[in-house]
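Visitor: Please pick one part of this model and go through it closely. Then set it in its surroundings, without ornament.

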Amino acid sequence: DKMELKECGSEKHKGEPMISIWFKIVAGDKKGSLIFMNQLLTQGFQIHIVNELLRSMETDVDIDFDGNFAHYNNTILDVFEATQSLEFVLKYSESKKGYPVFKIEDVFEV
């Protein structure tokens, strides 16, 4: 429903780069509700998490972070545009440390 690179607004991480992705639930009891993914992009493992999620969306957009957030923003916008005709089976869970985990399990063209 939405995908953007923006500055974090929390007091602890104010101004740090993050990605915000909104997934709209299209079936089931929670139909119409949203799932929010907000991931800081300040460490390599965080960028890796986002890159893997973006690749799993199967958009054919080349996903790469070269250290330039302006380029990465363009990549994110390209992925978002390419997902407009797609739906996903999204698995939402938590890691052993209690962090949210998002995994695309299947992709459908609509």
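Guide: Take phenylalanine 102 as the starting point. In this predicted model, phenylalanine 102 has a relative accessible area of 14%, so the residue counts as buried, the cut-off being under 20%. To see what its ring does, look at the aromatic pairs, of which the structure holds four. One of them joins phenylalanine 65 to phenylalanine 69, with 4.9 Å centre to centre and 55° between the planes, a tilted arrangement. Phenylalanine 69 is partly exposed, because its relative accessibility is 29%. Phenylalanine 102 belongs to another pair: its ring centre lies 5.1 Å from that of tyrosine 92, and the planes stand at 55°, so this pair is tilted as well. The two partners come from distant parts of the chain, with tyrosine 92 in strand E4 (residues 86-94) and phenylalanine 102 in strand E5 (residues 100-109), ten residues apart. Tyrosine 92 has a relative accessibility of 46% and therefore counts as partly exposed, whereas phenylalanine 102 is buried. As for phenylalanine 65 and phenylalanine 69, they form one aromatic cluster together with Tyr72.

Next, the nonpolar interior. Nonpolar side chains in soluble globular proteins tend to be buried together. Here the largest nonpolar core has 20 residues, and Met3, Phe23, Leu53, Leu54 and Met57 touch the most other members. At least two residues of this core come from each of E1, E2, H1, H2 and E5. H1 gives the largest share, four residues. Methionine 57 shows how far the contacts reach: apart from neighbours within four places in sequence, methionine 57 is in contact with Met3, Phe23, Val79, Thr83, Leu86, Phe88, Ile104 and Val107.

Then the sheet that carries part of this core. Three strands make an open sheet in the order E1-E2-E3, paired antiparallel. E1 and E3 are the edge strands, each pairing on one side only. On average, neighbouring strands of this sheet are turned by 15° against each other, direction ignored. Helix H1 (residues 44-56) packs on the sheet and touches E1, E2 and E3, and its direction makes about 140° with that of E3. Helix H2 (residues 69-82) lies across E1 and E2 and runs at about 165° to E1.

The strand pairing can be followed residue by residue. Strands of a sheet pair through backbone hydrogen bonds, either parallel or antiparallel. E1 (residues 2-7) and E2 (residues 17-24) share six bridges in the antiparallel sense. Methionine 3, one of the core residues named above, has isoleucine 21 in E2 as its bridge partner. Further along, leucine 5 stands opposite isoleucine 19 in E2. On the E3 side, seven bridges join E2 to E3 (residues 34-40), again antiparallel. There, serine 20 stands opposite asparagine 38 in E3.

A last ring interaction involves a charge: lysine 2 lies over the face of tryptophan 22, at 4.4 Å from the ring centre. Back at the starting point, phenylalanine 102 is the buried partner and tyrosine 92 the partly exposed one. E5, the strand of phenylalanine 102, is among the elements that each supply at least two residues of the largest nonpolar core.

Methods
Residues numbered from 1 in each chain as written. Predicted model: local features only at pLDDT ≥ 70, side-chain atom pairs only at ≥ 80, totals over all residues. Heavy atoms only, no water. Pairing = 2+ DSSP bridges. Phe/Tyr/Trp six-rings, centres within 6.5 Å; stacked < 30°, edge-to-face > 60°. Buried < 20%, exposed > 50% of the residue type's maximum accessible area, 1.4 Å probe, protein only. Lys NZ or Arg CZ within 6 Å of the ring centre and 35° of its normal. Axes fitted to C-alpha atoms, helices over the stretch in contact; angles between N-to-C directions. Contact = heavy atoms within 4.5 Å. Core = buried A, V, L, I, M, F, W, Y, C linked by side-chain atoms within 4.5 Å.
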